Amino acid sequence: MSFRQYLLKFAVASIALFTLSNAAQAELCKKYKQVQSNAGACGNCFIDVSSIGGRGHYYAIVASNGWIAEARSTHGDTSLASGTGKWRSDVGHAFAGTKFEVDLEQQGSQLSMTMDGNVNGQRQIIRAKFQCIQR
């Protein structure tokens, strides 16, 4: 292999790694629509994500179906966030008033969410996927 071919391959590999690195650290979208959940289908479920500033990346998350959370980016990666939240007490189902931990992971235009809490002394884990509808 010539030195020129080596440099070309090195440049292509570097660009590919840089592109993958930037894609993995995409900022969270401002609004998502739920597309899947182990808690049941919800065609009108949306979450709004707002940056709340401060040191690092902090987010306020408000869900149309009755829960709110605050999360912080994980390990400086703005595509990952973890935090805590709470279901409103007036939602009219078993989760009312329940506190939970939440983990978020942005992959391309899709957000994966895991909500982990206790309902009446039993651990409940909700896993949902959301599609970005507003950047």
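Author: Two strands pair if DSSP finds at least two bridges between them. Strands (E, at least two residues) and helices (H or I, at least four) are DSSP runs, numbered from the N terminus. This is a predicted model, where local features need pLDDT of at least 70 and side-chain atom pairs count only at pLDDT 80 or more, while totals for chains, interfaces and linings use all residues. Residues are numbered from 1 along each chain as its sequence is written, and side-chain values use heavy atoms, with hydrogens and water left out.

Reader: I like to count first. How many helices and strands are there in the protein chain?

Author: Count one helix and eight strands. Now read along the sequence. The pattern is α-β-β-β-β-β-β-β-β. The helix comes ahead of the strands in that pattern.

Reader: In what order do the strands close into a barrel?

Author: Trace them as β1-β2-β3-β4-β5-β6-β7-β8. The eight strands close into a barrel in that order, and the pairing is antiparallel.

Reader: Where should I look for the join between β1 and β8? How many bridges are there?

Author: Put your finger on β1, which spans residues 31-37. Then find β8, at 122-134. Six bridges join these two strands, and they run antiparallel. For one landmark, take Tyr-32, which stands opposite Cys-132 in β8.

Reader: Let me stay with β8. In which sense does β8 pair with β7, and over how many bridges?

Author: The sense is antiparallel, and there are 10 bridges. β7 covers 110-119. Use Met-113 as your guide here, since its place is opposite Ala-128 in β8.

Reader: What lies between β7 and β8?

Author: Two residues. The two strands form a hairpin, and Asn-120 sits in its turn. Check the backbone angle there. Asn-120 has a positive phi of about 50°.

Reader: Now go the other way from β7. How many bridges does β7 share with β6?

Author: Eight, and this pairing is antiparallel too. β6 runs over 99-107. Within this pair, look at Glu-101 and find its bridge partner in β7, Asp-116. Keep Asp-116 in mind. That residue returns below.

Reader: Which way do side chains point along a strand?

Author: In a regular strand they alternate between the two faces of the sheet. Use that idea as you turn the model.

Reader: Next, charges. How many salt bridges does the structure hold?

Author: A salt bridge is a side-chain nitrogen of Lys or Arg within 4 Å of a carboxyl oxygen of Asp or Glu. This structure holds three.

Reader: Which residue pairs with Asp-48?

Author: Lys-31 does, and the closest N and O atoms are 3.8 Å apart. Asp-48 lies in strand β2 and Lys-31 in strand β1, so the pair ties together parts that are 17 residues apart in sequence.

Reader: Are those two buried, partly exposed or exposed?

Author: Buried means under 20% relative accessible area, exposed over 50%, and partly exposed in between (1.4 Å probe, protein chains only). Asp-48 has 32%, so it is partly exposed. Lys-31 has 25%, and it also counts as partly exposed.

Reader: What is the partner of Arg-88?

Author: Asp-90. Their side chains meet in a salt bridge at 2.8 Å, N to O. Asp-90 is exposed, because its relative accessible area is 55%. Arg-88, at 43%, counts as partly exposed.

Reader: And which residue joins Asp-116 in a salt bridge?

Author: Arg-123, with the closest N and O atoms 2.5 Å apart. Here is the return I promised. Asp-116 in β7 is the bridge partner of Glu-101, and its side chain takes part in this salt bridge. Asp-116 is partly exposed at 22%. Arg-123 counts as exposed, at 57%.

Reader: Last one. What share of the protein chain is buried?

Author: Buried residues make up 29% of the 135 residues. Colour them on the model, then follow the barrel again from β1 to β8.
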